[in-house]
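Me: I'd like to learn how to read a multi-chain model one feature at a time. Can you walk me through this one?

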Amino acid sequence: MSSRPIATTRSATEIPTGKLAVWWLLGSEIVIFGGLLASYIMYRLAHDAWHAQAAATNTWIGAFNTLVLLTSSLTAVLAHQAAEEGNGPKAAKLLWATIGGAATFLIVKAFEWTMEIRHGYTITADTFWSFYYTAAGLHAAHVLAGAVVMVFVARSAARNQELHRVELAGIYWHFVDIVWIFLFPLLYIAK
Amino acid sequence: MSEHHHPNYVKIWAILVGLLVVSVLGPMLGIQIVTLITAFGIAVVKAYLVAKNFMHLNIEKRYIVYMLTTCLVFMFLFFAGTAPDVMEAEGSNWEKPSFELYDEAASHTVGHGTAHH
Amino acid sequence: MAETVPSHPPAPEEGHPHHEEMSFWSKYIFPLDHKMIGMQYLFTGIAMAMVGGFFAYTFRMQLAFPGIEVPGWGLVSPADYNALVTNHGAIMIFWVAMPVLIAAFGNFLIPLMIGCDDMVFPRINRLSYQIFFLSVLVLIASFLVEGGAFGGAWTAYPPLSAKAEYSLTPLGSSLWLLAVALEFVAFLLGGINFITTAMNSRAPGMKMYDIPIVVWMIVLASIMFMLSVGPLVAGAVMLFFDQQLGTGFFDPARGGDPVLWQHLFWFFGHPEVYVVLLPAMGIVAEIITVFARKKLFAYKTVLYTAFGTGILSFTVWAHHQFVAGIDPRMAHIFTITTLLISVPIAEMCFVYIATLYGGSIRLTTPMLWALAFIAEFLIGGVTGIFLGASGADIYFHDSYFVLAHFHYTFFPIAIIGFYAGITYWFPKMFGRMLDDRLGKIHFWGTIIPFNGIFLPLFILGLAGQHRRIYNYEHFPELATPELQALRVLATVSLLVMLGFQLVFLVNFVRSLRRGEKAPQNPWKANTLEWQAPSPPPHGNFATLPTVYRGPYEYSVPGRAEDYWPQNAPE
Ligand code: HEM
């Protein structure tokens, strides 16, 4: 790795540079999901008929996945705590638990989608389903990205290196969790 | 890195799970207003708890909160400017006849497969 | 604040890494240095400007002399025409204005002007350019695939853009969309880098109000870009699915709504205008103070005005849709906000004029460009008022009046702003001086024909000439000899203007190789980039500067010299 510029080490705002960048990244994510969900809500309110479509989503699977993500957020924040205490290996273990959560989430999702597609609820079946797959798919892509990032962070954390990154990955992960917290009622509960 | 007092994360997680249970059970009453509150009210509370305690926004610099809220506010702005057109089936010099036909059709055919298994 | 290395990252080498001789590849092709990445953006942008200009030349030839074999292109078919117009617009905005004004100048200037050695994330910076470059390749590919390049206008309204039955470009439209989306990603990454760098890495002593205006403007522009582009990213995914998977997000027969796309697009598209305007305004501010040898009139006002503009610019977007049948009550609101936004912009122009007042003005080439920016942009701004009024817009909409209006804003921004910046910073970028005489010939040879192109287009617009039509011979009212003469005038002016760009190219290449060696601070300017060697080496400064005062302390009474560098202790 080449040496870091001095610029990276400065902190006029008193927020470490990496963390500041993550906040801005989340800002840009808020507007991406915001635009998509705003569009969905408009359509949803315009079409009473979508109730009937939404009725076919499986609340239990959605709820289970919410539980998985909430729990993985817990392990992520505990990893952050461990990293702050300087306990890299423990942080790494907790991060691996979080990655496990991500994997569970994705596997459940794959199973759920397969079932729905088998029943004819494909992305083109109805515009409700188009939103369903697009919103959840975009979110799933973020889950995947977060898991990949955490693999790298966990591996260096296990060697007690780059511990500050544990917190950054965590912040991102909690955001992914929050997005799902809203997707869950929007796609599954409101029927 | 700032040293700060850690909230009891497991307790917060337990509250979150409790809220999740309520939001799943709420709709079973079948009262729409209750569903809305338990679904979206609770989502807001959950998001708040995660943002505050897990993302530590409570001890982060204030302007980060302002920045993130600004992003949200702009989305409301987008919604407010767009919804009056998109949610209507007709406007000052247009109508979407196919929009209504769609609503008719969609309320009859629930998907293409067997919805109930 | 001392240059201490915090404890968490592994300690980097103190001071400036003394790099070994770097290979050609790591120096020019995969650089980490912000200046070199800026150059990559600059030259890619210039190349794309040539492409966009060539497209304009081709379709202007077709309009002036319908049906001729345009030299360099051949016969322009209707489909060609649509593809040329669409990609001209998209290229000029996404692949010229953005990379040159924001990415090239931003990359080059931000670290230098705030007094640090690089961007905070050099590798993300490099990645940003690589994604941008990929977007260029994808755009080029869209011309080569079956069915040809997308021709549904740069606004890509569905259903024309969504369905291949209408657009006849089954692959071209999707590649175009993908190219635009990649470009967005590149600028999101770049923007986060700019914002964090400017927030965190300022030289010790540089307070908020000591930051040069152009840095503020580029950072504000990056923030605005980030805030506005999100919904369109989502929209692009939706449109892509409509094109390739056959979903119905924008199809009313399937519960969708094409007007949603218009909102998604313009919620981004309008702030985007200010995203490119602000950096140009910033460049002009730097130049005007230096060559008026006077403090910028009302620094804080400019700053607050820019903030105000930024926020207001998010409330005006639906003025592009007045005739799309939007709710008339909303149209009222958008009319009011649109007229309001002219206030802060006018104020900025006044502030610049007030800066000139009583200064000792030096009409160097960059100064000429800066002054021309204000003058020409004013024409664009004033004609916008007519269009902002929802009633008047029913007549003007989609006419050449609109077209001339927005070229009077975009041309000053993208072209004049670029020339102002490049003639001003050339000595710093390349360590040599540009030839002033050739520079002035090029200036007049550009500005005069520019007005020759677009003033006639206002008249054509008032006569009712619609945009995006490839041949007016089929419209009896528009095919009159008088109107045709105006079209020819515009095209001939364009040819003259394009000809004079050769003067710039010659000047550029000749000065690069044989120009007079530039001293460190040829314009006697205060800002930090002029306190580094020309051109700055890797790491920028021999010792990183400390800042003692604001950037615009010119002609301070009681000082021997009429400038006072930000880093001079006394
Ligand atoms: C080099 C001088 C230029 C000339 C002669 C020129 C000419 C034109 C003309 C005649 C059209 C309309 C064609 C039609 O509607 O049939 C057009 C469209 C457009 N131009 Fe330019 N232009 C120039 C530079 C620029 C620049 C610098 C920008 C922006 C930075 C720009 C942005 C656009 C856009 C956005 C459109 C609309 C494309 C569409 O309708 O989808 N142009 N240009």
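Reply: Sure. Let's begin with contacts: two residues are in contact when they have heavy atoms within 4.5 Å. Keep in mind that this is a predicted model.

Me: With that in hand, what share of the contacts in chain B with a separation of 6 or more comes from residues 24 or more positions apart?

Reply: That share is 41%. Chain B has four helices and zero strands, and its elements run α-α-α-α from the N terminus on.

Me: How many residues of chain B count as buried, as a percentage?

Reply: The cut-off to hold on to is under 20% relative accessible area for buried. By that test, 41% of the 117 residues of chain B are buried.

Me: And which domains does the assignment give for chain B?

Reply: Domain 1 covers 1-59, and domain 2 covers 61-111. Between the C-alpha centres of these two domains of chain B there are 26 Å.

Me: Is H56(B) buried or exposed?

Reply: H56(B) counts as buried because its relative accessibility is 6%. You'll find H56(B) in the loop between α2 (32-54) and α3 (62-86) of chain B. Look at its backbone too: phi of H56(B) is near 60 degrees, a positive value in a residue other than glycine.

Me: Where else should I look for a positive phi in a residue other than glycine?

Reply: Try S555(C), with phi near 50 degrees. S555(C) sits in the segment after α15 of chain C. Its burial class is partly exposed, since its relative accessible area is 35%.

Me: On to the core. Which residues touch the most other members of the largest nonpolar core?

Reply: A nonpolar core is built by linking buried nonpolar residues through side-chain atoms within 4.5 Å. Here the largest one has 297 residues, and L42(C), W95(C), F105(C), M281(C), Y352(C) and F373(C) touch the most other members. Chain B takes part as well: domain 1 (1-59) and domain 2 (61-111) each give this core at least three residues.

Me: What is L42(C) in contact with, leaving aside its neighbours within four places in sequence?

Reply: Its partners are V100(C), A104(C), F418(C), I422(C), M429(C) and F430(C).

Me: Now the ligand. Which residues are closest?

Reply: For a ligand, first find the shell, then the polar pairs. The shell has 24 residues, and the closest are Y81(C), H88(C), W154(C), H407(C) and R468(C). As for polar pairs, an N or O atom in the side chain of Y81(C) is 2.5 Å from a ligand oxygen. A polar side-chain atom of H88(C) is 2.9 Å from a ligand nitrogen, while one of R467(C) is 3.0 Å from a ligand oxygen.

Me: Which elements give two or more residues to that shell?

Reply: They are α2 (34-64), α3 (78-113), α13 (400-430) and α15 (481-514) of chain C. With seven residues, α13(C) provides the largest share. Sorted by class, the shell holds 18 nonpolar, three polar and three charged residues.

Me: Where is T365(C), and what does it touch?

Reply: T365(C) belongs to helix α11 (residues 365-388) of chain C. It counts as buried because its relative accessibility is 3%. Not counting residues up to four places away in sequence, T365(C) touches T423(C), D436(C), G439(C) and K440(C).

Me: Is R549(C) buried or exposed?

Reply: Check the percentage again: R549(C) counts as buried, because its relative accessibility is 11%. R549(C) lies in the segment after α15 of chain C. Beyond its neighbours within four places in sequence, its contacts include D210(C), W564(C) and E570(C). A polar atom of its side chain lies 2.7 Å from the backbone oxygen of P565(C), and there is also a distance of 2.8 Å from a polar side-chain atom of R549(C) to the backbone oxygen of A568(C).

Me: Last one: which residues does a cis peptide bond join?

Reply: Omega is the angle to read. P158(C) and P159(C) are joined by a cis peptide bond with omega about 5 degrees, and P159(C) lies in the loop between α4 (122-144) and α5 (164-167) of chain C. Another cis peptide bond joins S534(C) and P535(C), with omega about -15 degrees. P535(C) is in the segment after α15 of chain C.

Terms used. Residues numbered from 1 in each chain as written. Chains lettered and ligands numbered in written order. Predicted model: local features only at pLDDT ≥ 70, side-chain atom pairs only at ≥ 80, totals over all residues. Heavy atoms only, no water. Domains from an automatic or database assignment. Near = heavy atom within 4 Å. Polar contact = N/O pair within 3.5 Å; in protein donor to acceptor, adjacent residues only side chain to side chain. Nonpolar A, V, L, I, M, F, W, Y, C, P; charged D, E, K, R; others polar. Buried < 20%, exposed > 50% of the residue type's maximum accessible area, 1.4 Å probe, protein only.
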